Amino acid sequence: MKIVVVGGTGLIGSKLVTKLGEHGHEALAAAPSTGVNTLTGEGLAEVLAGASVVIDVSNSPSFERAAVLEFFETSTGNLLAAEAAAGVRHHVALSVVGTERMPDNGYFAAKIAQEKLIEKSSIPFSLVHATQFFEFIRSIADEATDGDKVRIAPVLFQPMAGDDVAQAVGRVAVGSPLNGRVEVGGPERFRMDEFFREALAAWGDPRQVVADPQAQYFGSVPGERTLVPGDGATLGQIRYRDWLDRTPTGK
């Protein structure tokens, strides 16, 4: 089938295009660099012609509260309208585990707004809520750095590999619409501060990890279970240590 991957040139999108193509599907990457802009609507009608499924793994270039909300509302609204006109039968969106548990977070609030638009549309849909990606672990540490210390909340954390995220999203996309959500996470659960302490040691990074109950996670203080999936979640296969062994830069 023809599957359009919005954000198809990014980390997860490029993996999806490759994996879907290997399974015999016509997978097209839709992004500004391929002539498709969901914010302006440019190229949408053309790329969606004949598509059965649309997977949206695009992301806002800015995480500032107003900017990220405007991105997801505008992009998703334009995309859903174009899909309805093209007769798309399944809309799949990648979202984040814990959106509803940390609504004061600007990014999470924007993802909630995106999901509401999808749920209200006429197009059958599936939402894939994923935990944080291994590929972003270093940027989380940098965001939490205060001098020579990395302040991390001592809460539960269950990150996963981008390859596992792409596999989970792709599996959902070729199945029947859920008209609901599925959660996916990594195969191991950690205390977040302990995970980062071990990760920095593995990188040879001299920064000290400090467990701080008031430490923010991209602008908000997470609760004990905010960042981990519930019972029944689909778990990836790749462990962080194994991923790091074959990805020495951690990117």
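**Exercise 1.** Which strands does helix α6 lie across, and at about what angle does α6 run to β4?

*Solution.* The model is predicted, with local features needing pLDDT of at least 70 and side-chain atom pairs pLDDT 80 or more, while totals for chains, interfaces and linings use all residues. Residues are numbered from 1 along each chain as its sequence is written, and side-chain values use heavy atoms, without hydrogens and water. Helices (H or I, at least four residues) and strands (E, at least two) are DSSP runs, numbered from the N terminus. Helix α6, residues 162-173, lies across β3 (53-56), β4 (90-96), β5 and β9, and runs at about 150° to β4, where angles, from 0 to 180 degrees, are taken between N-to-C directions of lines fitted to C-alpha atoms, for helices over the stretch in contact (heavy atoms within 4.5 Å).

**Exercise 2.** Find the order of the strands in the open sheet, and explain why β2 and β12 each have a side without a neighbour.

*Solution.* Two strands pair if DSSP finds at least two bridges between them. The 7 strands are ordered β2-β1-β3-β4-β5-β9-β12, with parallel pairing. Because β2 (26-30) and β12 (234-235) stand at the edges with a single partner strand each, one side of each has no neighbour in the sheet.

**Exercise 3.** Describe how β5 and β9 are joined.

*Solution.* Strand β5 (residues 125-130) pairs with strand β9 (residues 180-185) in the parallel sense, over 5 bridges. Within this pairing, Ala 130 has Val 184 in β9 as its bridge partner.
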